[in-house]
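Biologist: I am new to reading structures, and I would like a close look at one part of this model. Could you walk me through a loop and then show me what lies around it?

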Amino acid sequence: MKLCDLPRLDPGSDEVVVEVAGCGVCHTDIAFAYGDVPTRHALPLILGHEISGRVVAAGENAGAWLGRSVIVPAVIPCGVCPACQAGRATICRQQFMPGNDGNGGFATHVLVPTRGLCAVPEPLPSGLTLEMLSVVADAVSTPYEAIRRSQLGAEDVVVIVGAGGVGGFGVQIAAALGAAVVAIDRDRERLDLAARYGAGLVLDAASTELKGLKAAVRTFLKESGRKGIGLKIFEMSGTPAGQATAFGLLDYGAYLGVVGFASKPIEIRLSNLMALDATARGNWGCPPDQYPAALQMVLAGKIALAPFIELHALEEAPAILEAVAKHSVRRRAILKPGQRKEKQ
Ligand SMILES: [Zn+2]
Ligand SMILES: [Zn+2]
């Protein structure tokens, strides 16, 4: 990775240039950066798919966006193919993912199509800034979509495995929907935060074996008085250990949402899905039409961002990506162009 000067961007008729306010660092970027996963566009490529910013140039059909603050969806579907027409926009094969299908947001400016852009209403509520909202593009919207698909309600008991940069938002979304929430992590500080932001029970996987986790969840379930059938479990750690824990917690009629990405495989007995009549499902991001609702939860204060993010200068990108790769960054890191150091 290196810092480069690139030519000015010129938007096509249905494109805009977004001046990046902030771009979150995702584990998918780590997989791209360190070679586990190839980007769909050939290298060299600017990574980053968790973008917020302001439209500073617009093509001839995109004038209405000029000057507006936006969140750029991490997955931008074409809108017309059979998958899009069938309501499965996230698997659109003509999709554009910034930082994968083309240059992304670890930059001062990024060129994106207008379709799917999420307008940010202004002024923002106090305590929120446009760069903070970059995490809505993926770290908030992806768990939001995973939880939406599970049809989570107030009678459910939810287990969020991994209460870090994504799971911290998962905990808050599930709690805002009225569910009883269990958060599992290996980091005490993350667990304390999860407890303050909606988790009714936090469990430390560093000191508790699967058997102990299961017993604690079962007791919590009983005491919660919730009548939902089957746990709703969401793997948000993006680690093989977290995936094993999430799968191991399946009970009768359980639902497993796979949100985190880990490149290493794990060994599981898939037949547990059959024996428990359970469901496992993944989601590749979130369809653009769900972004306004996810953003609204943030604007309404149902999802707090500040305690779960940290801002860094874009110039620090190589060091920050390495730290994220080592799982030594507790919060979601946001890279912010145009300033040397700002930490929160
Ligand atoms: Zn991502
Ligand atoms: Zn499509």
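**A loop and its surroundings**

Modeller: Happily! Let us start at Gln151, which sits in the loop between H3 and strand E6 (157–161). Please keep in mind that this is a predicted model. Is Gln151 buried or exposed? Its relative accessibility is 67%, and exposed means over 50%, so Gln151 counts as exposed. The backbone deserves a look too: phi of Gln151 is near 55°, a positive value in a residue that is not glycine. For context, most residues other than glycine have a negative phi.

Asp277 gives you a second example of this kind of backbone. Its phi is positive, about 50°, although Asp277 is not a glycine. You will find Asp277 in the loop between helix H8 (271–275) and strand E11 (279–282). With a relative accessible area of 63%, Asp277 is exposed.

Now go back to the loop of Gln151 and step to H3, on one side of it. H3 packs with helix H4 (residues 167–176) at an angle of about 40°, and their axes are 9 Å apart. What do we call that arrangement? The two helices H3 and H4 are oblique to each other, because an angle of about 40° is neither under 35 degrees nor in the range from 65 to 115. The crossing of H3 and H4 is right-handed. Which residues meet there? From H3 come Pro143, Tyr144 and Ile147, and they meet Gly170, Ile173 and Ala174 of H4. A general point may help you read such lists: an α-helix has 3.6 residues a turn, so residues three or four places apart point the same way.

On the other side of the Gln151 loop is strand E6 (157–161). To see what E6 touches, look at Ile184, which belongs to strand E7 (residues 180–185). Ile184 has a relative accessible area of 2%, so it is buried. Leaving aside residues up to four places away in sequence, Ile184 touches Val159, Ile160, Val161, Gly162 and Ala163. The contacts of Ile184 also include Leu191, Leu203, Ala205, Leu213, Thr245 and Leu249.

Thr245 leads us on to helix H7 (residues 240–248), where Gly242, Gln243, Thr245, Ala246, Phe247 and Gly248 are buried. What do these buried residues of H7 pack against? Their partners are E6, E7, helix H6 (210–224), strand E9 (232–235), strand E10 (255–258) and H8. In other words, E6, on one side of our starting loop, is among the partners of H7, and so is H8, the helix before the loop of Asp277.

Let me finish with another loop, the one between strand E5 (118–119) and helix H3 (141–149). Pro123 is placed in this loop, and the peptide bond joining Glu122 and Pro123 is cis, with omega about 0°. Leu43 and Pro44 also have a cis peptide bond between them, with omega near 0°. Pro44 lies in the loop between helix H1 (27–33) and strand E2 (51–58). As a general rule, most peptide bonds are trans. So, when you turn the model yourself, try following the chain from Pro123 in its loop, through H3, to Gln151 in the next loop and on to E6.

Conventions. Residues are numbered from 1 along each chain as its sequence is written. Chains are lettered from A and ligands numbered from 1 in the order in which they are written. This is a predicted model: local features need pLDDT of at least 70, side-chain atom pairs count only at pLDDT 80 or more; totals for chains, interfaces and linings use all residues. Side-chain values use heavy atoms; hydrogens and water are left out. Helices (H or I, at least four residues) and strands (E, at least two) are DSSP runs, numbered from the N terminus. Buried means under 20% relative accessible area, exposed over 50%, partly exposed in between (1.4 Å probe, protein chains only). Contact means heavy atoms within 4.5 Å. Axes are lines fitted to C-alpha atoms, for helices over the stretch in contact, and angles run from 0 to 180 degrees between N-to-C directions. Angles under 35 degrees count as roughly parallel, over 145 as roughly antiparallel, 65 to 115 as roughly perpendicular and the rest as oblique. A crossing is left-handed if the near helix is turned anticlockwise from the far one by less than a right angle, and right-handed if clockwise.
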